[in-house]
Amino acid sequence: LARSPGRVAVAEIVTALEGPLALVDCMRADRSCVRAHGCASRVVWRRLDEAMTAALEGVSLEDLVAEGARR
C-alpha cells in the first residue's frame, strides 16, 4: 500500500473493485432513465446513496483489520 491502512477508506476499495458507488443506475448518470429529472423517488435514492457513501468513507482498512482481530 502507498498509504497506511488507516488512510484507506473502504469506499475507495469498493469503488476500485466495483466502479462508482450507486444503488440505482440513474444516480450514476441522468441519461440512464428518461424520467430522471422528474422522478419523485430520486430524492430518496440520492439520500440513500449519500448515506451509503458516508458510511463506507467512515471505515478504513485499518478499522476492518481491527474488527477482524476482535472476532
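Helices here are DSSP runs of H or I with at least four residues, numbered from the N terminus. The model is predicted. Helix H2 spans residues 42-57 and contains Trp 45.

Confidence was examined across the protein chain. The mean pLDDT is 88. A value of 70 or more is reached by 94% of the residues. Confidence is highest in helix H1, residues 10-18, at 95. Helix H3, residues 61-70, has the lowest confidence, with a mean of 92.

Trp 45 also belongs to a nonpolar surface patch. Its partners in the patch are Leu 23, Val 43, Val 44 and Leu 48. Together these side chains make a patch of about 420 Å². The relative accessibility of Trp 45 is 31%. Trp 45 is therefore partly exposed, because that class lies between the 20% limit for buried and the 50% limit for exposed. Patch membership requires over 30% relative accessible area, and Trp 45 stands at 31%.

Charged contacts were then searched over the whole structure. Three salt bridges were found. One joins the side chains of Arg 3 and Glu 12, with an N to O distance of 2.6 Å. Both residues of this pair fall in the intermediate accessibility class. Glu 12 has 35% relative accessibility, so it counts as partly exposed. Arg 3 is partly exposed as well, at 38%.

Glu 67 takes part in two further contacts. Its side chain meets that of Arg 70 in a salt bridge of 3.1 Å, N to O. Glu 67 also forms a salt bridge with Arg 71, at 3.3 Å, N to O. Glu 67, Arg 70 and Arg 71 are thus linked in a network of salt bridges. Within this network, Glu 67 and Arg 70 both lie in helix H3. Three residues separate them along the chain, about one turn of the helix.

The members of the network fall into two accessibility classes. Glu 67 is partly exposed, with a relative accessibility of 32%. Arg 70 reaches 61% and counts as exposed. Arg 71 is exposed too, with a relative accessible area of 77%. The two arginines are assigned to the exposed class because the cut-off is over 50%.

Technical notes: Residues are numbered from 1 along each chain as its sequence is written. This is a predicted model: local features need pLDDT of at least 70, side-chain atom pairs count only at pLDDT 80 or more; totals for chains, interfaces and linings use all residues. Side-chain values use heavy atoms; hydrogens and water are left out. Patches are made of residues with over 30% relative accessible area and no salt bridge: like charges are joined within 9 Å, nonpolar side chains (Val, Leu, Ile, Met, Phe, Trp, Tyr) within 5 Å. Accessible areas come from the Shrake-Rupley method with a 1.4 Å probe; for residues, only the protein chains shown count as cover. A salt bridge is a side-chain nitrogen of Lys or Arg within 4 Å of a carboxyl oxygen of Asp or Glu. Helices (H or I, at least four residues) and strands (E, at least two) are DSSP runs, numbered from the N terminus. Buried means under 20% relative accessible area, exposed over 50%, partly exposed in between (1.4 Å probe, protein chains only). pLDDT is the predictor's confidence in each residue, from 0 to 100.
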